[in-house]
Amino acid sequence: MSIPKHPAVSEWVSEVERLTEPSSVHWCDGSDAESEKLTSQMVDAGTLIKLNPKKYPSSYLHRSSPTDVSRTEHLTFVCCANKEDAGPNNNWMSPAEAKEKVGRLFRGAMRGRTLYVIPYLMGPAGSPHSKAGVEITDSPYVVANMRIMTRMGRAAAEAIDAGGSFCRGLHSLGDLSPDRRYILHFPEEETIWSVGSGYGGNALLGKKCFALRIASWLARQEGWLAEHMLILGLEDPSGEVTYMAAAFPSACGKTNLAMLAPPLESRGYKVWTVGDDIAWMRPGPDGRLWAVNPESGFFGVAPGTNLKTNPNAMRTVQKNSIFTNVGLTPDGCPWWEGMDDPMPAGTLDWQGRTISGNGDAQAAHPNARYTAPIRQCPSLSPRWDDPQGVPISAILFGGRRARVAPLVYQSRSWPHGVYVGASMASETTAAATGKVGVTRVDPMAMLPFCGYNMGDYFAHWLSVGARLSNPPKIFHVNWFRRDSDGNFLWPGFGKNVRVLSWILGRVKGKAKACETPIGWVPDPKDFNADGLDLSPGAVDALLAVRRNEWSADLPIQEEFFKKFGDRFPADLRDEHRALASRLA
Ligand code: OXD
Ligand code: MN
């Protein structure tokens with residue numbers, strides 16, 4: 001059975017029908033026939049443009065409204081009873097006010113439209129890690145994306161009918177006006193309301209809204225972690241695979257790292273992709289931390305992706321993919337800045353306009369995306385769908401920092417590692433509306449996604465670690481350090497396997513390291529930089545821990561932590577003090 005029969009679903013759908021007044025209702029079963037029918041309707045309506053079937057079979061271009069191209073954090077709210085529980089890291093509205101104010105926008109919002117009911121499962125079928133959701137939407141583009149990003153159909157229906165519990169997500173495009181756009185989370189009711197946006201992170205409710213904001217709230221209650229992390233398996237030359245999870249802010253290279261293709265000189269190492277954006281992690285009976293990827297597709301940033309930076313992504317998106325806000329070449333192929341071949345003459349930009357020849361016109365929006373099924377990824381881990389998940393041996397936190405943070409360092413302990421994650425900072429990117437390139441503290445890359453007070457979140461991280469007899473070791477990486485002329489010091493991309501192999505060496509107790517005030521850093525003398533063609537002195541500069549830079553960062557962290565008042569854990573305050581005294 002591909003459609004849930006549980007009365008809780010049909011009762012809720014009827015309630016939403018009365019509120020939104022659609023002209024018809026379609027229950028999605030996730031089948032191929034359904035997908036073909038919806039796709040051809042969207043092509044007829046102009047919502048999708050069919051791409052060249054020889055070069056990109058079964059793939060489509062979607063152009064969104066020009067004011068609806070990224071997540072809108074200022075219009076995103078947590079609506080729990082007590083404002084303090086949402087914390088200073090979230091916008092808050094009381095549930096009653098939210099329902100009143102935004103309920104009005106849903107009234108009659110689906111007139112003349114079809115209401116789609118999407119039952120979906122986040123996580124492998126039959127896994128204790130997994131959770132079900134139902135999204136109601138009036139956007140067939142959302143249906144097509146959810147079909148790639150989540151498990152729709154039978155697995156979802158079975159999970160819902162077995163348990164009767166599911167996250168309720170109500171979405172309407174509304175009139176797409178940013179003035180009437182709200183993304184609301186009611187964690188106490190496991191409910192999401194999103195109106196006025198068709199953009200992925202605002203509209204594919206299984207992703208950021210459920211798998212991170214609502215799930216993080218549930219995870220705290222249930223004793224696990226819902227994190228903005230990729231999951232990869234690093235195979236060493238002996239054939240052994242070690243799993244790692246890594247948190248980087250949006251558009252900082254999680255997908256590239258998750259699909260890393262080691263260059264020739266690092267033959268013998270291989271990266272297996274488990275997930276590129278979200279990890280649900282639970283302490284196992286063996287005292288280790290076990291992780292699953294709740295998603296089943298990639299919603300990746302297209303610009304900058306090419307055969308050098310991410311060959312596996314390029315191969316993944318060759319078919320059955322949806323491209324959003326990229327350019328369109330005259331022979332019907334997607335094109336974005338940084339693609340391998342130069343832009344063909346006559347390419348249209350992401351809004352369908354002819355590109356002027358003055359050289360600074362952009363074909364793709366900087367946050368243009370591809371949506372592609374994970375099964376098409378050449379580096380896909382054979383364990384990506386394992387109901388037990390994979391055991392995590394290392395957690396990496398990383399930011400985009402021109403200065404301060406060295407290429408890699410290891411924390412001193414779990415509490416110190418939590419402090420490293422809590423104090424991590426990064427320069428902002430185009431994934432969210434707002435200024436690009438501003439440094440902000442973004443703990444665990446969860447600032448836009450933690451569905452509750454981050455002070456409590458830090459305490460929860462400490463308590464999960466205390467339950468692990470064999471916790472992952474925690475590291476910090478920074479691929480973006482620059483020299484005094486502003487040039488990147490590190491080549492990044494495939495070469496990052498050198499850093500992963502050092503981390504693996506630390507996990508196995510084999511790699512050497514120097515103790516510094518911030519933690520353990522590779523000794524420049526034995527960090528393997530052979531054949532990397534780095535500028536002279538680059539290894540020293542990449543690994544240098546400059547006390548003055550670190551000391552200057554301390555007040556920025558302190559100011560951020562102060563916002564959480566009493567909810568900020570004393571243990572992390574102690575870590576902060578201890579770092580200050582080691583730096584002094
Ligand atoms: C994403 C994001 O889309 O983090 O993954 O914005
Ligand atoms: Mn993300």
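**Exercise 1.** How do the residues of the shell around ligand 1 divide into nonpolar, polar and charged?

*Solution.* Keep in mind that this is a predicted model. Start by listing the shell: R71, K207, K208, H228, S250, D277, F299, R369, A431 and F449. Now sort them by type. You end up with five charged residues, three nonpolar ones and two polar ones.

**Exercise 2.** Find which side chains make polar contacts with oxygen atoms of ligand 1, then say how much of the ligand is covered.

*Solution.* Take R369 to begin with: one of its polar side-chain atoms is 2.9 Å from a ligand oxygen. Next, look at K208, where an N or O atom of the side chain sits 3.0 Å from an oxygen of ligand 1. For D277, the corresponding distance is 3.1 Å. As for cover, ligand 1 on its own has 210 Å² of accessible area, and the protein covers 96% of that. The space ligand 1 takes up is the largest pocket.

**Exercise 3.** Work out which protein atoms are donors of the manganese ion (ligand 2), and where they come from in the chain.

*Solution.* The donors are NZ of K208, NE2 of H228 and OD of D277, lying 2.2 Å from the ion. Along the sequence, their spacing reads K-x19-H-x48-D. Now place two of them: K208 belongs to helix α8 (residues 206-222), while D277 is in the loop between β15 (270-275) and β16 (279-283). That pair is 69 residues apart, linking distant parts of the chain.

Technical notes: Residues are numbered from 1 along each chain as its sequence is written. Chains are lettered from A and ligands numbered from 1 in the order in which they are written. This is a predicted model: local features need pLDDT of at least 70, side-chain atom pairs count only at pLDDT 80 or more; totals for chains, interfaces and linings use all residues. Side-chain values use heavy atoms; hydrogens and water are left out. A residue is near a molecule or strand if one of its heavy atoms lies within 4 Å of it. A polar contact is a pair of N or O atoms within 3.5 Å; within protein, one must be able to donate a hydrogen and the other to accept it, and residues adjacent in sequence count only if both atoms are side-chain atoms. Accessible areas come from the Shrake-Rupley method with a 1.4 Å probe; for residues, only the protein chains shown count as cover. On a 1 Å grid over the protein atoms alone, a cavity is a set of points where a 1.4 Å probe fits but cannot get out, and a pocket is an open set with protein on both sides within 12 Å along at least five of seven lines; lining residues have an atom within 4 Å of a point. A molecule sits in a cavity or pocket if more than half of its atoms lie within 2 Å of its grid points. Ala, Val, Leu, Ile, Met, Phe, Trp, Tyr, Cys and Pro count as nonpolar, Asp, Glu, Lys and Arg as charged, and the others, Gly among them, as polar. Donors are N, O and S atoms within 2.8 Å of the metal (3.2 Å for Na, K and Ca); water is not among the atoms, so sites may look incomplete. Helices (H or I, at least four residues) and strands (E, at least two) are DSSP runs, numbered from the N terminus.
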